[in-house]
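Good morning, and thank you for coming. I should like to take you through one structure, beginning with its pocket and ending with one of its helices.

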Amino acid sequence: MKKASFFIIMAVVVMFLAEAKVSEAVTCNPGELSSCLGAITSSSPPSTTCCSKLKEQKPCLCGYLKNPSLKQYISSPGARKVVSACGVPYPSC
């Protein structure tokens, strides 16, 4: 009986954690990275806001690279510099 209770409790915990991850899903919006534009196009370092938004949008970067309208910005040397400065690994899609 104790084993059955243990497995039920574990199942509930797993379901709760899975639900929590779903609620943390990122909405891909390249406009969220507008705070990085200055750092991408100049030699200025990225702002804290830029790095924060870049980290939030990290799961979306491959999608942006596959978008012909955005690829030129995401794959530019300036973008690579910003990604590196923010400590976000450049996506390998």
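**The pocket, the core and helix H6**

By class, 14 nonpolar residues, 2 polar residues and no charged residues line the largest pocket. Here Ala, Val, Leu, Ile, Met, Phe, Trp, Tyr, Cys and Pro count as nonpolar, Asp, Glu, Lys and Arg as charged, and the others, Gly among them, as polar.

This is a predicted model, in which local features need pLDDT of at least 70 and side-chain atom pairs count only at pLDDT 80 or more, while totals for chains, interfaces and linings use all residues. Residues are numbered from 1 along each chain as its sequence is written, and side-chain values use heavy atoms, with hydrogens and water left out.

I turn now to the core. The largest nonpolar core, a set of buried Ala, Val, Leu, Ile, Met, Phe, Trp, Tyr and Cys residues joined through side-chain atoms within 4.5 Å, has 15 residues. Those with the most contacts inside it are Leu 54, Leu 61, Tyr 64, Val 82, Cys 86 and Val 88. At least two residues of this core come from each of H3 (48–56), H4 and H6; helices are DSSP runs (H or I, at least four residues), numbered from the N terminus.

Which residues of H6 are buried, that is, under 20% relative accessible area with a 1.4 Å probe, protein chains only? They are Gly 78, Ala 79, Val 82 and Val 83. Because they cover an arc of only 135° around the axis, they lie on the same side of H6, the arc being that of the directions from the helix axis to the C-beta atoms. The face turned away from that buried side carries Pro 77, Ser 84 and Ala 85, which are exposed (over 50% relative accessible area). After H6 comes Gly 87, with a positive phi near 75°.
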